[in-house]
Structures are given as C-alpha cells and as structure tokens.
Amino acid sequence: MFKQLSTDTLNWIFIVGVILFIIELTFFQGGMIIPALFFTLLIYIGRQRFSRLWGKLAFWGGIVGVVFSVLNMLAVRFLVIAAIVIFIINYSKSKKEAKWIKPELSGFREEKEELVSKRPLFYHRLFADQRTDEIAYEWRDINIHGAFGDRVIDLSNTVLPNDTAVISIRHLVGNIEIYVPYEVEISIQHSSIIGRALILGEYHDKLINQTLLYQTEGYDQTYPRVKIITSLASGDIEVKRI
C-alpha cells in the first residue's frame, strides 16, 4: 500500500506525526508518553523477576499498559487514521483503474463466444431455508454460502451427468441434509466447529473443530459420482441413501 505513495507524501505523514508527538509531550504534560515509559519499566522489572508470581503479573500488566498507552497517543492515532484513508483511496483507485493483462498473440482476433445463462439451483441466502425441488429438475453444480438456515439437497429428483457433480456449501449456523441415490458414488469432506454428523451410517456425536473425509469404495473408478464439500460453524450434517 505504501509503495504506491510518493516520497513527499510519506515525508509529510512522518513530519505531522513528529509534530503531534512534540505537541503531546509539550502541552499535555507528556500525555500518554509518561505512562508508556512507566509500563515499559514495569515490563523490565517483571522480566527480571519472572519466576515469581508478582513478576509475571508486573510483566503482563506492563505489556497491556504499553499497548493501551501507545494506541492513545496522538501521533499513533494520526498514523492509524492516515493508513485507513490511504487504503480507502488506493482501493478506490484500483477499482476505477483495474489492471488488464492480455497476451500479445500475432494474428489473433478475439471473437465473441456464445454463452448460455443458467439459473443456479440454490442462491446465496443469509437468512433462509433452502431445498431442491420435489419434482424432477435439471442438475447444476452447487456452490453457495450462507449464515442461518437449513439446506436440503435431494439428488433422487435429478439426473447427474456422467462425470463428477459438485456440491460446495459454506454455512454458519444450520443443518445440511443430502440424499443420494444408491447407484451414485460419493466423496465427502466436511469440516465443523461444533456439531454432529451422520454420513452413510457413520455417526459422529461430537465434532469440535474437526474435519471428516470419506468416500465410497468405487468413487475413483465409477460414474456418476458426486463430490461434497461442506463447512459449518455450528450445525449437523446428514448424508444418506435414498
């Protein structure tokens, strides 16, 4: 971020920071500088007597005090605000002046391709339950994220391609249910912070920051097959045959 700034701009930021440091030292009786020095001394003493309880308390208390003292200095506040403003300005410029990288190919002429727009099976929903249609529907790979609600996917009402179908769901709080026909091979990778899992008869009662990885015996050789990648902060997942 700062590499894109001119030297003059960086110099002005440094000069203003030094001026604010001097103002705080001169007109505010040292401001937060004196407490910062005191807490630094406390860290030094605590480090020398770290084997004792009061030494540990002095050391860690000094660290906390130094952090708060430094963050409350006028110069540091100015530098934080300046960094935020510079980031916003650079981000705004990058959006307006996007960099295009195009290969230079002699005799190449870009032609417009025919594209077909399709409606996804699921949409990104922060607060809603979603499930596949209960009547026959055309299969399309699923790649969604959400916050709250349940997701139910029934593959018995669709025809999977003679390839690998993909289901990718990233969710915060809610349950996921996936029903797969018997003739379809399955690979599943599920991660959960808190929850339970029932995967083709394999039951996990307590998942605490764990990742599960299963696949059926013929997954690597047989089609159709479905690859399932799910992640939950809190919730249960059930994958069963239907």
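Visitor: What makes K240 count as partly exposed?

Guide: In this predicted model, K240 has 35% relative accessibility. Partly exposed runs between the buried limit, under 20%, and the exposed one, over 50%, so K240 gets the middle label.

Visitor: And why is the pair E238 and K240 called a salt bridge?

Guide: Go by the closest N and O atoms: for E238 and K240 they're 3.8 Å apart. The cut-off is within 4 Å, so the pair qualifies. E238 is partly exposed too, with a relative accessible area of 23%.

Visitor: How do you know that R140 is buried?

Guide: Its relative accessible area is 15%. Buried means under 20%, so R140 makes the cut.

Visitor: What makes E138 and R140 a salt bridge?

Guide: Their closest N and O atoms sit 3.6 Å apart, and the limit is within 4 Å, so that's a salt bridge. E138, for its part, is partly exposed at 48%, because exposed would take over 50%.

Visitor: Why does the salt bridge between R196 and D236 tie together parts of the chain that lie apart in sequence?

Guide: The closest N and O atoms of R196 and D236 are 2.8 Å apart. R196 lies in strand β7 (residues 185-199), while D236 is in the loop between β9 (225-234) and β10 (237-241), so the pair links parts 40 residues apart in sequence. R196 is partly exposed at 39%, and D236 is partly exposed at 22%.

Visitor: How many salt bridges turn up in the whole structure?

Guide: The search finds 3.

How values were computed: Residues are numbered from 1 along each chain as its sequence is written. This is a predicted model: local features need pLDDT of at least 70, side-chain atom pairs count only at pLDDT 80 or more; totals for chains, interfaces and linings use all residues. Side-chain values use heavy atoms; hydrogens and water are left out. A salt bridge is a side-chain nitrogen of Lys or Arg within 4 Å of a carboxyl oxygen of Asp or Glu. Buried means under 20% relative accessible area, exposed over 50%, partly exposed in between (1.4 Å probe, protein chains only). Helices (H or I, at least four residues) and strands (E, at least two) are DSSP runs, numbered from the N terminus.
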